[in-house]
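Please open the model in your viewer, with secondary structure drawn as a cartoon and side chains available on demand. The stops below say what to select next and what is to be found there.

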Amino acid sequence: MINPIYKFYLRLGTDAVEHATAPIYKDDLSIDFEQESGQKFFRKKLNGKLTFLRKDYELIMNAPFDTIYNIVIKKSNDFGKTWTNYWNGKFMRTDCVIDEFDKVLSVQPSIIDEYTDVLAGLEKEYNLIELAPHTEHLLLTKRPLIQVYKKGDKYVSCFLSGSNWQQEVKQRVDNINELIRKYNFAKTYEKITAAVFGVGYGQDTSEYHGTYNLTDTQNNGNNTTHKLVRVDDATYTIELSINRATNFSYIRVLKNGEVKFEQLIYSNVENDGVHNVGNKPKPDQFVTHSVKVEIKNVSVFSRLLLDKTKILDKDTYQIADDDLVENNRNYRYAIGYNMGNIVTTSRGSKEPTEYGKREDGLYYMPPYYSEKYYPIGKDTWDMLSFWFKFKFEDNLAEEDGRADIELKDAYELGSCIDVLLQKVSDVRFVSDETCSKFLYGEVNPITRQEQRLFITPKSNVIVSEYQDPAQKALCTLQMLFNMLRDTCRCYWFIEDKKLHIEHISYFNNGGTYNGQAQIGYDLTQLKNARNGKPWSFARGEYSFDKFDMAERYQFKWMDDCTEPFDGFPIEIKSNYVQKGKIEEVNVGNFSSDVDLIMLNPKNISKDGFVVMAAVQATATKSDYNGYFLQYQNKKDGRADKKYHIKKGIRGHRIKLKMYVKKHVENGVEQAGLWLSPVYCRGDDYEGTLIRLFASNELQEVLIDVPKDVDSIMFHCYGWMSFAVVDAKVVDGLRELPFYAKQIDNVKYALQNGYMSFVYLQEKFYRYDLPARLIIMNKEYTHAIKVDRKKKQTISFPTGLYDPNPQKLVKTLLGNGQFEKISVNLCSRTIKATLKYDTE
């Protein structure tokens, strides 16, 4: 094998003159490719000292003390005919060991490469707004919120498409008229509740707890007797007899008509004889089966909070300035909402639960049913607990109550990276697939979907329809790189003065997303010239990095988020991970739960950014199940179906994808000429000159939608059958999509859901987990690829050219990934640490 030869040159400071030198070095001088901590790129570092003598010593020592000495190693592969720059480094006199008597100077230079300036500038903070990155308009949606309030509680419970949180009220409200008339709630639940306590002998009476109906009232002089029958089981009854003359009451608890408990008690019964029984049993009046019964009339109220004057054809009402909760100014209207979503239960558990402990020592439990239930009014629970559950009708109200808004200052992520790079280096990032197939491919190579990432200062979303955008948005490259790593599992590297960003699977596959891994060296085929054996022969020893194998991964954004945005922990189900090791993934400086930011801005920090994954805007308002619209049949005239154009789309160019066919009746094709779109302005119609003729092929038509058009319908000439299968904006406008996901019987519909951890984990985190069997999103599943923790050290020749550290090495153990490479300059031998799949 022909080995290359090397020359060494020094440049003094900014002087461009290269001075030939002849430093002395040992035969183990090497170039070490070392992976930067926490990154996937490698840097070529010189390992070994260079010793300068005589005139080289004088050259260095005669320069000013603070001179930066730039060293260039040049390499020739053709016996000196041509030379190329091989390595660049630098040192200062303070890095040297100097012997002035013998005039000898030794130093190990540090590297100068494409990464030097970028790494030095990672933490430098700049105001993004002053750097003027590319901005776009994004369509966001203000979604209606269900708020539930149990009379007298400290908190309002908030519900939106599977997510929930609480807001503290300014003051507790007990007045029903005030809740209904001032705060626009509707009474959605009213029941008599009874809790029965056996007195004196500790008998379990929880079976008698429950909700009761008042079924009979009898008046006899000063005596009034009420009969209460339990709602879910009529065999349980309570009889309450009140003597208004003596102010004493007699109470009986019965099962199947048999008296189980009875007690003479003092009461402060109100006029209706049922509310607020203040039980003060007198010891001398106890009987064998003494009992204490707490009877209450419980009311629960709910409303929709929204930003539209109408919902489901009903007028909404303006929210009072002194609303029950802090008025966030993003939502201006409310309407009472009574859909019967409230459930009561007396279930209790001896084992601790997350819901707290009851007076009788048992712990609260949700209802038996398989649906997901959410606690409400916990501050006022007694022996009974109260729960909310979503119904299908909630989806209809949520869909109809949406209001489109336009975010005018969304910063394109790639542009943000590039303007920050320009402040610290001459490396550039171009927002196309030459720099990132992950971010700018026609479709994402992992999800096979098209999307783009944007950021905006949080204050632009906290005040959703702002007049003055944020004037300060401090940001660093490190913030953006860390966010991409922690959310999308993306890493950056530099090549030919361009910064590249790709998913971890790209690196694990040797620098490609294709199914075929990129192999740099095949040691099963490369022969050892001495013995004729492959270089992988008899090299089967390996070990594991067990200390790095976490058992659990937990996730958090900068601000409080709803559960699906923070995600659920990933649990690694393997015996070989390190028990108790938890890896916390905290996405600092960023949040993504757009709905919660607009709905609960008081609890959101104004610092930092919102990160958003946007898609090409869809023109028509969808139903809850998506955008596909079924075939319509029409003979001569306007078809019945209107395609509502979202408010933010009006004034833009849209592309309709349609099927248009002649109608077939009893197997006979009917006469059909063409189909024309019709603009709708309320009940006014305006025809167009566009004609779509019958065809078996998918057709596309471009339409410039006037700003005052609210919907489109179609006029049929002849008997036509047609369907609109897609309607997208084609002039660049983007929107935040909704991501539907069901977890643990909860159906979520998440705006900006592509930046929720329930999505990010499933799509991007399954490529480098410690073991195959995992729990993700509360379900058992498998990792697509296992993180490489199996290690091997191996040596083999590199030849004239250095290895590409991104490519893989094939050995008898499989495809190994470089972790560290040392190339000996004299022997041109590689000593490498390779990583293989753990399983």
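Select tryptophan 674 and then phenylalanine 693 in β51, which stand opposite each other. Strand β51 (residues 692–693) is paired with β49 in the antiparallel sense over two bridges, where strands count as paired if DSSP finds at least two bridges between them; helices (H or I, at least four residues) and strands (E, at least two) are DSSP runs, numbered from the N terminus. The model is a predicted one, in which local features need pLDDT of at least 70 and side-chain atom pairs count only at pLDDT 80 or more, while totals for chains, interfaces and linings use all residues. Residues are numbered from 1 along each chain as its sequence is written, and side-chain values use heavy atoms, with hydrogens and water left out.

Now extend the selection to the whole of strand β49 (residues 672–681), which is mostly covered, as eight of its ten residues are buried (under 20% relative accessible area, with exposed meaning over 50% and partly exposed in between, for a 1.4 Å probe and protein chains only). Add strand β53 (residues 711–729), which runs antiparallel to β49 and is joined to it by eight bridges; leucine 675 has cysteine 716 of β53 as its bridge partner. Strand β50 (residues 684–687) is also antiparallel to β49, with four bridges between the two, and here cysteine 680 is partnered by tyrosine 685. Between β49 and β50 lie two residues, making a hairpin, and glycine 682 in its turn has a positive phi of about 65°.

Move next to helix α9 by selecting residues 477–488. Ten of its twelve residues are buried, so α9 is largely enclosed by the rest of the structure; among them are Leu477, Phe481 and Leu484. Its end C-alpha atoms are 16 Å apart, which agrees with the 16 Å that twelve residues should span at 1.5 Å a residue (the expected span being 1.5 Å times one less than the number of residues). Just after the helix, arginine 489 takes a positive phi of about 60°.

Keep α9 on screen and add helix α13 (residues 757–764), whose axis comes within 8 Å of that of α9 and crosses it at roughly 75°. Axes are lines fitted to C-alpha atoms, for helices over the stretch in contact, and angles run from 0 to 180 degrees between N-to-C directions. The two helices are therefore roughly perpendicular to each other (65 to 115 degrees; under 35 counts as roughly parallel, over 145 as roughly antiparallel and the rest as oblique). To see the contact (heavy atoms within 4.5 Å), show Asp486, Thr487 and Cys488 in α9 together with Phe757, Leu760 and Phe764 in α13.

Which strands make up the open sheet that has mixed pairing? Select its five strands, in the order β41-β39-β40-β57-β58. The edges are β41 (582–587) and β58 (779–782), each with a single partner strand, so one side of each is left without a neighbour in the sheet. From one strand to the next the twist averages 25°.

Within this sheet, strand β40 (residues 570–572) pairs with strand β57 (residues 773–776) in the antiparallel sense over two bridges, and glutamate 571 has isoleucine 775 in β57 as its bridge partner. Helix α13 packs on the sheet, where it touches β39, β40, β41 and β57, and its direction makes about 135° with that of β39. Helix α9 lies across β39 (552–557) and β41, running at about 125° to β41.
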